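I opened this notebook to record what I looked up in one structure. The entries follow the order in which I consulted it.

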Amino acid sequence: MHWQHAMAKWANYAPHHHGKHHGRHHGGGNFRRAKYNIPANVAETDTHYEIHLYALGYDKANISITVVDDVLYVSGTREIPEDYRPNFIRQEFPIKSFEKEFHLNDGIDTTGIVAKQEEGVLIITLPKKVEAQRQERKVDIG
């Protein structure tokens, strides 16, 4: 992922299981998937980073965003009916809960982090400290 290089030490970590992932399913729906994982896009501007998390179906009241030291933790839960037991042959997004963590670099102003939810996407804005922002100014020719 090329964005990791541009963001220097700002790595995206998600819980992964390194067991065998089965590409073919032979009856019974037995397969493995990365538990609690949701897709994330990360963008960078001169003044901030922006994380977009696919959280369709998760109410903002049931989403938690916390910063502990240099780690941003995002998690969500939702109620599903007791009798909801689909026989998935492929599952790529969580049904009941998710957890995601992002390691932040020193250039992020953690006190200014804000979040909003739009059409099932959780958008977290992480402002850069002034000294970490790209400085640009026009130089006049004398």
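The entries below go from the whole chain to its strands and then to its charged pairs.

**Entry 1. Whole chain**

I note at the outset that this is a predicted model. I looked up the secondary structure and found 1 helix and 8 strands. Read from the N terminus, the order of elements is α-β-β-β-β-β-β-β-β. I then turned to burial: of the 142 residues in the chain, 29% are buried. The accessible surface amounts to about 10,400 Å², and carbon and sulfur atoms hold 49% of it. For contacts with a separation of 6 or more, I recorded that 56% are between residues 24 or more positions apart.

**Entry 2. The open sheet**

I asked which order the strands of the open sheet take. The sheet has 4 strands in the order β2-β3-β8-β7, and their pairing is antiparallel. Strands β2 (40-44) and β7 stand at the edges; each has a single partner strand, so one side of each lacks a neighbour in the sheet. On average, neighbouring strands of this sheet are turned by 20 degrees against each other, direction ignored.

I next went through pairings inside this sheet. Strand β3 (residues 48-54) pairs with β8 in the antiparallel sense, over 7 bridges. There, L53 stands opposite L122 in β8. Strand β8 (residues 121-127) is also joined to strand β7 (residues 114-118), by 5 bridges, and these two run antiparallel. In this pairing K116 has I123 of β8 as its bridge partner.

I looked at the turn as well. The hairpin of β7 and β8 has 2 residues between the strands, and E119 takes a positive phi near 50 degrees in it.

**Entry 3. Strands β5 and β6**

Strand β5 (residues 71-77) is joined to β6 by 7 bridges, and the two run antiparallel. S75 has E99 in β6 as its bridge partner.

I asked which residues of β6 lie on the covered face and which on the uncovered one. In strand β6 (residues 97-103), F98, K100 and F102 form the covered face. The uncovered face holds S97, E99, E101 and H103. E99, the partner of S75, therefore belongs to the uncovered face. I set beside this the general rule that side chains in a regular strand alternate between the two faces of the sheet.

**Entry 4. Salt bridges**

I asked how many salt bridges a search of the whole structure finds. The search finds 2.

One salt bridge is formed by the side chains of K128 and E44, at 2.7 Å from N to O. This pair links distant parts of the chain, since K128 lies in the segment after β8 and E44 in strand β2, 84 residues apart. I checked whether K128 is buried or exposed. K128 is buried, because its relative accessible area of 8% falls under the 20% cut-off. E44 has 37% relative accessibility and counts as partly exposed.

In another salt bridge the side chains of K116 and E118 meet, at 3.2 Å from N to O. K116, which is also the partner of I123, counts as partly exposed at 46% relative accessibility. E118 is partly exposed too, with a relative accessible area of 41%.

**Entry 5. Points to keep**

I keep two points for reference. Strand β2, an edge strand of the open sheet, holds E44, which pairs with K128. Strand β7, the other edge strand, is joined to β8 by 5 bridges.

Technical notes
Residues numbered from 1 in each chain as written. Predicted model: local features only at pLDDT ≥ 70, side-chain atom pairs only at ≥ 80, totals over all residues. Heavy atoms only, no water. Pairing = 2+ DSSP bridges. Buried < 20%, exposed > 50% of the residue type's maximum accessible area, 1.4 Å probe, protein only. Axes fitted to C-alpha atoms, helices over the stretch in contact; angles between N-to-C directions. Salt bridge = Lys/Arg side-chain N within 4 Å of Asp/Glu carboxyl O. Contact = heavy atoms within 4.5 Å. Areas by Shrake-Rupley, 256 points an atom, 1.4 Å probe, with all protein chains shown as cover.
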